[in-house]
Every structure is written in structure tokens, then in C-alpha cells.
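Biologist: I am new to this structure, and for each label attached to it I would like to hear which rule stands behind the word. Please bring up the sequence and the model before we begin.

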Amino acid sequence: MEKTALRADDVAAYLAEHPDFFANRPDLLDSLDMPVRELGSGVADMQQYVVARLRDEREKLRGATSELINISKSNLETQSRIHRAVLALLNARGFEVFVEALQDLVPELLDLDAIALCFEESEDAPVPRCGGRVRRLTAGAVDQVLGEENDVWLLPDNAGDEAIFGPQADNIRSAAIVRLAPFYGDPVGLVAFGVAEPDYFSPAQAQDLIMFLASVIEFGARRWLTAPQ
């Protein structure tokens, strides 16, 4: 079937029936040679303003799309690093190896400056100190830090508590502190993620990934602390 040549009147008729065409396809405006109408002294040609606005909106849309793509890539990279950190913790053989992976490998994977693992003193369920890597807290200290009802505390600044971070405390400005909830007979504890950069953690940010990683750490610690000796 032979195609009929498209006429200017056909284009004009289509545009008349679809007045929002260029609003939906502002990218086509760059290829158009728009006439400047002479409307007399003191009368502005609004057509030029409309075209400029549409082009500006298109550029903003492009910018927003690019930003969304970058955020998606960043989120995927973060998830990939967390998966590697979790695998490193789950593959540990023994509590001391678990603590080494937690404090040596995981901070590097997640761009943290320190991870502190702390447990309250308990005669019934003593926790190995692993050469000082595991911090001891006085009984009731976890509730004093987090409160009885809270499981996580995000500190934007002044987070370098020596009781938690030990010798690294002077280098820590911002931290996320999470309760390690015990089973019956397990020692009460906490894990603290620390960074030297202030405002890295904020009470306004989402806590999903932090709580997920803390739950993996809680599982790993309990797995080895309750294992038959």
C-alpha cells in the first residue's frame, strides 16, 4: 500500500486536536524554528516565554532522572557491600574470628572507622574479651545508654564514648548504637558503628540497614557464645 505524503495541513490539524503535544514532548522544541511575532509596542510575545519554560522543565526533568539513577546505583553498591559484610560474619569459625571479621573487615567494607562490640558484666554468662576487642560494661549500662524502651540511638556528633569505643573514642564523632537483645541467660550487649565524620548518622535517617546488620551481629555473637564448649 502506497503511503500518502504528510501535508502541513495534516500536522496543523493534529496539533490543533492535541494542544498538549509539545508539553508532553518538549525535547522536540529544540529542533523548531519559532517565529517572533510583532504584536506592537509594549506587548510581549508569550509564546517565547512558554517555549523557554518548557525547555527549562525538560532540563530539570533530565537532572532529576540523572539524580535518581545515581541514587539507585549508590543503593545497589551499599547493598552489595552489606551482603559481603554479612557473608564474612556468617563464615566465621569461632567467636574470636567473628570479632576479628566484625572489627577488621566490616568497617572497611562499609566505610566505617570503628565497630565496637560491648557486653555487660555477667558471672552467669561471661563473654571472652578477645584480647580487649570486646568491651565490658557495668550491669545496667545498656539501658543507661539507650533507655529501657529504645533499641537504636543515632548520634550526629559527640559520640566518642571511651566506655564503648575504647582507645578509638577520640577519633569518633558520629555513631549508631544498637541494643543486642539477649535470649534467656545471654548477656546484655550493644554494637556501635562509629565514624570520624560528624553528622554521618542522624535521627532522621532510615534505620533498616543498620538494624539488619545489627541483627546479623546479634545472631553471630549468640551463635558462638551459646555454643557447647
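Biologist: At which residue does α4 bend, and by about how many degrees?

Modeller: The bend in α4 is at L102 and comes to about 30°; by definition it is the angle between axes fitted to the seven residues ending there and the seven starting there. You are looking at a predicted model, in which local features need pLDDT of at least 70 and side-chain atom pairs count only at pLDDT 80 or more, whereas totals for chains, interfaces and linings use all residues. Residues are numbered from 1 along each chain as its sequence is written, and side-chain values use heavy atoms, with hydrogens and water left out.

Biologist: How many helices and strands are there in the chain, and what makes a stretch count as one or the other?

Modeller: Both are DSSP runs numbered from the N terminus, a helix being H or I over at least four residues and a strand being E over at least two. By that rule the chain has seven helices and five strands, and their order along the sequence is α-α-α-α-β-β-α-β-α-β-β-α.

Biologist: How do you know what span to expect of helix α4?

Modeller: The expected span is 1.5 Å times one less than the number of residues. Helix α4 covers residues 95-110, so its 16 residues should span 22 Å, and the 21 Å between its end C-alpha atoms agrees with that. Helix α7, with 18 residues (208-225), reaches 26 Å from its first C-alpha to its last, close to the 26 Å expected.

Biologist: Why is A88 called buried or exposed?

Modeller: The label depends on relative accessible area, with buried meaning under 20%, exposed over 50% and partly exposed in between, using a 1.4 Å probe and protein chains only. A88, which lies in helix α3 (residues 46-90), has a relative accessibility of 17% and therefore counts as buried. Leaving aside neighbours within four places in sequence, A88 is in contact (heavy atoms within 4.5 Å) with A101 and L105. Both A101 and F98 are among the buried residues of α4, and the C-alpha atoms of A88 and F98 are 8.3 Å apart, although ten residues separate them in sequence.

Biologist: Which strand holds V195, and why is this residue called buried or exposed?

Modeller: V195 belongs to strand β5, residues 189-195, and its relative accessible area of 2% is why it is called buried. Not counting residues up to four places away, V195 touches partners including D111, L112, I172 and F201. One of them, D111, comes just after α4 and takes a positive phi of about 60°.

Biologist: What makes a positive phi worth noting?

Modeller: Most residues other than glycine have a negative phi. N158, in the loop between β3 (152-155) and α6 (162-165), has a positive phi near 55°; at 71% relative accessibility, N158 counts as exposed. C130 also has a positive phi, near 55°, and lies in the loop between β1 (114-120) and β2 (134-137).

Biologist: How many disulfides does the rule count, and what makes a pair of cysteines one?

Modeller: A disulfide is a covalent bond between the sulfur atoms of two cysteines, and here it is assigned to a pair of cysteine sulfur atoms within 2.5 Å. The count by this rule is zero. As for burial, C118 counts as buried at 0% relative accessibility, and C130 is buried at 14%.

Biologist: Which backbone oxygen lies 2.6 Å from the side chain of R179, and what makes such a pair a polar contact?

Modeller: A polar contact is a pair of N or O atoms within 3.5 Å; within protein, one must be able to donate a hydrogen and the other to accept it, and residues adjacent in sequence count only if both atoms are side-chain atoms. The 2.6 Å partner is the backbone oxygen of G147, and the side chain of R179 also reaches the backbone oxygen of N150 at 2.8 Å. R179 is in strand β4 (residues 174-180), and its 14% relative accessibility is why it counts as buried. Its contacts beyond four places in sequence include V142, L190 and E218, and E218 is one of the buried residues of α7.
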